[in-house]
Amino acid sequence: MTRWRVVVVLGCAQFVMVLDGTVMNVSISTVVGDLDTSVAAMQGAITFYTLTMAAFMLLGAKLGDAWGRRRAFVIGSCVYAAGSLVTALSPNVQLLFIGWSVIEGLGAVLVIPAIAALVADNYHGRDRVTAFAVIGAVSGAAVAAGPLIGGFVTTYFSWRYVFVAEVVIMVVVVLFARIIDDTRVRASIRIDAVSVVLSSLGLVAVVLGMLQSKTWGWILPLHAPQIGGVAVAPLGISLTTWFIVLGVFLLAMFVARQRVLVRTERTPLVNVGMFSIASLRSGLAVLGAQYTVTAGLFFMVPVYLQMTLGFDALQTGFRIFPLSVALVLFSVVGTRLSRRLSPRRIAHAGQLLLVFSAVILLASATSDLRGGLFAAGMFLSGSALGLLASQLGNVNMSSVGPEETSEVGGLQGVFQNLGSSLGTALIGSVLIGALTTSFASEVASSDLPASTRATISEATQSGVTIVPASEVVEIAETAGLDDADAERLSAIYRGSQLSALRISFVGLIVISLLSLFFSRGIPDGSEVRRRGGVRPP
């Protein structure tokens, strides 16, 4: 058992990294009320938490090479603990954003790539496969425990105590980090600031554009921001489109910059030549899609359960639990299957199961989320994600030699967190945008008095805010509607929330189907063959 002490320490850090996001998701309604903010603001905080990690993960991996992976792991753990403490004490959403979305995110960019690289450095052969499976299972356990821990603590105590506990765990991790071997010689490298700026701004622009699509519109301007009373929509096109185009352009410039650095014998932020390895390219793409679906589910389902059905955080955690426990279980099943089946077959099985589970969830989308069918859909989703989690880490890390494991660890972190950012931003925006469209349409075609329809239309010009459905009657009566009209408006709002949920499930089906096209490069042999190195382009 002595040789597994390292993976226990790394697993504790991984547990906290994953636990953090799931706790916040099931606590959305409570945090909204506690900090006097909105669901849209929390969507932004959740998105930017993972976006901070995606934007700076490559830098974190490089710093790990320069400082030493164990040292980077320790420094990152300390920064993360400081961010958790700020989050626990935050009196408003602005300070929560700084502590959680920024400081914790910056700590994580040092911790996450170091975990993957240190596992690869400390274990070899079949032990490495097992160690990565353990990390995957720990992630699954955090996904399983997160909703229940967060739900219980939030419901009976306060969501703040979860972040205090994270501080304690990370302090313990730092104290035991000395048992981790870090045999790699520290690299003497110069980090290219231009590359950091290009990659960071590019990712932020793409995700911010998607996040704001619910307000700005995708192509045609919807509710464009104004400066001096003039709508900002260059050439009559929504800022969403311009932000995404700008982000893609900056990322293309980033890739070009990396090739220039290689040709001039300077150190790139990432060796883009690694993307010529089919198994790595496919593994990262499927990993990103997996996290997109996971983040989408973990945002839209809690929002519906809490804001429409009135569930508390613990009840929400129990509804999500089938997905969580299946993810853990099938991470282990996938590892066992890898002894007889190729990574590609297991990954394909997981992807097809993910599509099927999304269809089941769509069928379960009724006013009360049909208990049995919804639970089955969540369990099947977790099973699919568990099968994928059991394969992708080892496929990616085993695609390169030891000298590139830190870079691949960073890339895994980028794709995981970029996928999570896109999932929360895209699916969240689809959910809120669909709610606005459906509500406006239903009100316009309802039998409410014309004056009432006009008042509601004017009040929702800039979008519909997600509020607890149980409060709609009170809000309507405060606005001057009589009891009957207030009840009809509440029914319309509940129906619109359900329609938005169904549209969001369709979005998950589309993403799951698209991910099938990215998995062709995953190895079809029973063993992942590792390349000893990568030639620069």
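Is Gly 229 buried or exposed? Gly 229 is exposed, with a relative accessible area of 58%; here exposed means over 50%, buried means under 20%, and partly exposed is what falls in between, using a 1.4 Å probe and protein chains only. You'll find Gly 229 in the loop between β1 (226-227) and β2 (230-231). Measuring C-alpha to C-alpha, Gly 229 and Leu 426 are 28 Å apart in space and 197 residues apart in sequence.

Some ground rules before going on. This is a predicted model, where local features need pLDDT of at least 70 and side-chain atom pairs count only at pLDDT 80 or more, while totals for chains, interfaces and linings use all residues. Residues are numbered from 1 along each chain as its sequence is written, and side-chain values use heavy atoms, with hydrogens and water left out.

**Two bent helices**

Helices (H or I, at least four residues) and strands (E, at least two) are DSSP runs, numbered from the N terminus. Two helices, α3 and α5, get a closer look here. For the span check, the expected length is 1.5 Å times one less than the number of residues. The bend at a residue is the angle between axes fitted to the seven residues ending there and the seven starting there.

Take α3 (residues 39-67) to begin with. Its 29 residues should span 42 Å at 1.5 Å a residue, and the end C-alpha atoms sit 39 Å apart, which agrees. There's a kink of about 55 degrees in α3, centred on Phe 56. As 23 of the 29 residues of α3 are buried, the helix is largely enclosed by the rest of the structure. One residue of α3 is Thr 47, which is buried at a relative accessible area of 0%. The side chain of Thr 47 reaches back to the backbone oxygen of Gln 43 at 2.8 Å. That fits the rule for a polar contact: a pair of N or O atoms within 3.5 Å, where within protein one must be able to donate a hydrogen and the other to accept it, and residues adjacent in sequence count only if both atoms are side-chain atoms. Just after α3, Gly 68 takes a positive phi of about 100 degrees.

Then there's α5 (residues 93-122), with 30 residues and a reach of 40 Å from its first C-alpha to its last, close to the 44 Å expected. The bend in α5 is about 30 degrees, at Gly 105. Since 23 of the 30 residues of α5 are buried, this helix too is largely enclosed by the rest of the structure. At the N-terminal end of α5, Asn 92 acts as a cap, with a side-chain oxygen 3.2 Å from the backbone nitrogen of Gln 94.

**Salt bridges**

Side chains of opposite charge can pair when their charged atoms come close. The cut-off for a salt bridge is a side-chain nitrogen of Lys or Arg within 4 Å of a carboxyl oxygen of Asp or Glu, and the count comes to two.

| Pair | N to O distance |
|---|---|
| Asp 34 and Arg 160 | 3.3 Å |
| Asp 192 and Arg 257 | 2.8 Å |

Asp 34 lies in helix α2 (residues 28-34) and Arg 160 in helix α7, so this pair ties together parts that are 126 residues apart in sequence. Asp 34 is partly exposed, at 39%.

In the other pair, Asp 192 lies in the loop between α7 and α8 (193-211) and Arg 257 in helix α10 (residues 239-263), so parts 65 residues apart in sequence are tied together. Asp 192 is buried, with a relative accessible area of 12%, whereas Arg 257 counts as partly exposed at 21%.

**A nonpolar patch**Phe 152, Tyr 156, Phe 157, Tyr 161, Val 164, Val 168, Val 171, Val 172, Leu 175 and Phe 176 make a nonpolar surface patch of about 1000 Å². Patches are made of residues with over 30% relative accessible area and no salt bridge, with like charges joined within 9 Å and nonpolar side chains (Val, Leu, Ile, Met, Phe, Trp, Tyr) within 5 Å. The areas come from the Shrake-Rupley method with a 1.4 Å probe, and for residues only the protein chains shown count as cover. Helices α6 (125-156) and α7 (160-176) each supply at least two residues, and α7 gives the most, with seven. Phe 152 lies in α6 and counts as partly exposed, at 40% relative accessibility.

**Positive phi in loops**

Asp 36 has a phi near 55 degrees, a positive value in a residue other than glycine. Asp 36 lies in the loop between α2 and α3 and counts as exposed at 71% relative accessibility. For Leu 235, also a residue other than glycine, phi is positive and near 60 degrees. Leu 235 sits in the loop between β2 and α10, and at 77% relative accessibility it counts as exposed.
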